[in-house]
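Open the model in your viewer and keep the sequence panel visible. This tour says what to select at each stop and what is there.

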Amino acid sequence: MLERSAPVFVAGHRGLVGSAILRRLEDEGFTDLRTVGRDQLDLRDQSAVDAWFDAERPRYVILVAGTVGGILANSTRPAEFLYDNLMIHGTVVHASHRVGVGKLLYLGSSCIYPRHAEQPITEEALLSGPLEPTNEGYALAKIVGIKLCETYRRQYGCDFISAMPTNLYGPGDNFDLEGGHVLPALMRRFHEAAQAGVDTVEVWGSGSPRREFLHVDDLADACLHLMDHYSDAGHVNVGTGVDGTVRELAEAIRDLVHPTATIEFDTSKPDGMPRKVLDVSKLEALGWMASIPLEEGLRTTYDWYVNALRKGDARL
Ligand code: GDP
């Protein structure tokens with residue numbers, strides 16, 4: 001169990017995941033949460049990161065910082081996705097080892113698995129085949145992150161663990177139409193069409209790829225569970241174990257946001273991985289299961305989005 005009064009550094013606290021983790025830690029009674037903005041510390045810069053760790057001396061680290069984005073951002077800016085993430089993971093893991101961090105949780109992504117991995121994807125599928133080309137740069141950096149945790153554990157005895165979440169969504173998501181992921185992008189597109197009285201809404205690709213969606217509050221809960229109860233080299237998948245097609249997702253969002261709209265598929269846009277659903281039996285054996293159903297998560301996320309728009313603070 002983590003000590004609730006010890007200093008915890010959440011690297012990447014402004015993003016979808018980091019902000020959910022901060023909320024969860026606060027609810028859990030953690031009293032010494034440390035964060036630092038991108039403007040104050042460039043996490044790609046080892047000496048700056050070392051200086052920050054020397055000053056702050058966190059006992060625990062949750063590493064969720066990085067350059068992230070959806071299929072288009074990944075396929076058009078692969079160098080940034082590879083370089084930024086590679087550097088950030090390297091500097092934070094190394095600095096954590098240097099100052100003797102007691103436990104570090106690294107969050108990867110389900111895109112680390114081979115394009116043709118057997119579904120549902122087990123942890124053992126890592127490095128068993130070629131990656132999905134649309135997010136290869138990001139996936140490579142994320143694989144290095146896992147290997148950093150494993151090798152620092154093996155060589156230096158660091159208690160560094162890693163978790164691989166599936167596609168995430170929830171309050172604080174990036175609703176950018178070009179750079180964001182499918183769920184917030186479609187929510188925004190249906191919302192704007194409803195506002196403008198437009199009855200056709202575009203969905204990228206064929207609609208047939210299958211994806212699994214985990215609410216970010218569930219992820220944050222799983223992270224705390226792993227920090228408290230897991231101390232091993234192998235990474236752990238985090239998901240619901242349930243998937244559906246992009247078409248089904250689009251229909252669910254349409255029914256919620258703009259029920260009279262017709263969906264049009266733009267097949268000039270990439271489909272990406274044909275299917276991505278995680279085998280979550282390892283996590284279940286560790287005593288954790290997702291609890292927020294997709295319908296409920298869609299509803300609360302849409303409420304959050306509409307509210308944020310009203311207040312003018314949705315990341316657009
Ligand atoms: P991925 O899981 O890494 O492929 O990430 P995305 O969330 O970006 O895309 C998931 C799937 O949704 C892909 O098959 C996309 O082609 C499809 N999709 C449909 N409409 C959209 C959209 O408006 N934005 C994004 N990002 N993807 C979309």
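Select Gly 180 and the ligand: a backbone N or O atom of Gly 180 is 2.9 Å from a nitrogen atom of the ligand, a polar contact (a pair of N or O atoms within 3.5 Å). Add Trp 204, where a backbone N or O atom is 3.0 Å from a ligand nitrogen. The protein covers 97% of the 540 Å² of accessible area that the ligand has on its own, as computed by the Shrake-Rupley method with a 1.4 Å probe.

This is a predicted model, in which local features need pLDDT of at least 70 and side-chain atom pairs count only at pLDDT 80 or more, while totals for chains, interfaces and linings use all residues. Residues are numbered from 1 along each chain as its sequence is written, and side-chain values use heavy atoms, without hydrogens and water.

Next, select the residues with a heavy atom within 4 Å of the ligand. There are 18 of them, and among the nearest are Ile 71 and Arg 189. A polar backbone atom of Ile 71 is 2.8 Å from an oxygen atom of the ligand. Now color α6 (a helix is a DSSP run of H or I, at least four residues, numbered from the N terminus). Which element gives the most to the shell around the ligand? α6 does, with four residues.

Last, select helix α4 (residues 78-98) and helix α5 (residues 136-156), which pack at about 15° with axes 8 Å apart; axes are lines fitted to C-alpha atoms over the stretch in contact, and angles run from 0 to 180 degrees between N-to-C directions. α4 and α5 are therefore roughly parallel, the word for angles under 35 degrees.

Terms used. Polar contact = N/O pair within 3.5 Å; in protein donor to acceptor, adjacent residues only side chain to side chain. Helix = DSSP H or I, 4+ residues; strand = E, 2+ residues; numbered from the N terminus. Parallel < 35°, antiparallel > 145°, perpendicular 65-115°, else oblique.
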